[in-house]
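Take a look at the structure below. Keep the sequence at hand as you read the report.

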Amino acid sequence: RLVASGCGGANSDVCIWDAASGQLMFRLSEHDHGIAALAFSPDERLLISVGVAADSKVFVWDTASGNIVASGKSAPADT
């Protein structure tokens, strides 16, 4: 089982942790202004990270390798 965490601010990394051991598996450093949301696929093979509005980046990560498998820009929310 995996756990993901995201940071805010200038160093807005996404971290993937092994839940059983507490070991940091990957520190993913592509977002620039904070993480708004994180979600695993049902099988935990993929993780999606969505940046805050100022960041507007979306990444899909392979949780076995830490590599980006897809990326894009998030649309601003309707107000």
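A nonpolar core is a set of buried Ala, Val, Leu, Ile, Met, Phe, Trp, Tyr and Cys residues joined through side-chain atoms within 4.5 Å. This model is predicted.

**The core**

The largest nonpolar core has 9 residues. They are Leu2, Val14, Ile16, Phe26, Leu28, Ile35, Leu47, Phe59 and Trp61. Strand 2, strand 3 (24–28) and strand 6 (57–62) each give this core at least two residues.

Leucine 47 is one of the core residues. Which residues does leucine 47 contact, leaving aside neighbours within four places in sequence? The list includes Val14, Ile16, Phe59 and Trp61. Leucine 47 also touches Ala4, Leu38, Ala39, Phe40, Val60 and Thr63.

**An aromatic pair**

How many aromatic pairs does a search of the whole structure find? The search finds 1. Its partners are phenylalanine 59 and tryptophan 61. Their centres are 5.4 Å apart, and their planes meet at 40°. The pair counts as tilted because that class lies between the cut-offs of 30 and 60 degrees. Phenylalanine 59 and tryptophan 61 also belong to the largest nonpolar core.

**The sheet**

Strands 4, 5, 6 and 7 form an open sheet in the order 4-5-6-7, with antiparallel pairing. Strand 4 and strand 7 (68–73) stand at the edges. Each has a single partner strand, so one side of each is left without a neighbour in the sheet. On average, neighbouring strands of this sheet are turned by 15° against each other, direction ignored.

Strand 5 and strand 6 run antiparallel and are joined by 5 bridges. Serine 49 has phenylalanine 59, in strand 6, as its bridge partner.

**Two loops**

Glycine 8 sits in the loop between strand 1 (2–6) and strand 2 (14–18). Glycine 8 and isoleucine 35 are 27 residues apart in sequence, yet their C-alpha atoms are 6.0 Å apart in space.

Serine 41 lies in another loop, between strand 4 (35–40) and strand 5 (46–51). The side chains of serine 41 and aspartate 43 are joined by a polar contact of 2.7 Å.

**Buried or exposed?**

Four of the residues named above can be set side by side.

| Residue | Relative accessible area | Class |
|---|---|---|
| Phenylalanine 59 | 8% | buried |
| Tryptophan 61 | 3% | buried |
| Serine 41 | 18% | buried |
| Glycine 8 | 53% | exposed |

Why does serine 41 count as buried? Its relative accessible area is 18%, and buried means under 20%. Glycine 8 counts as exposed because 53% is over the 50% cut-off.

Notes:
Residues numbered from 1 in each chain as written. Predicted model: local features only at pLDDT ≥ 70, side-chain atom pairs only at ≥ 80, totals over all residues. Heavy atoms only, no water. Phe/Tyr/Trp six-rings, centres within 6.5 Å; stacked < 30°, edge-to-face > 60°. Buried < 20%, exposed > 50% of the residue type's maximum accessible area, 1.4 Å probe, protein only. Helix = DSSP H or I, 4+ residues; strand = E, 2+ residues; numbered from the N terminus. Polar contact = N/O pair within 3.5 Å; in protein donor to acceptor, adjacent residues only side chain to side chain. Contact = heavy atoms within 4.5 Å. Pairing = 2+ DSSP bridges. Axes fitted to C-alpha atoms, helices over the stretch in contact; angles between N-to-C directions.
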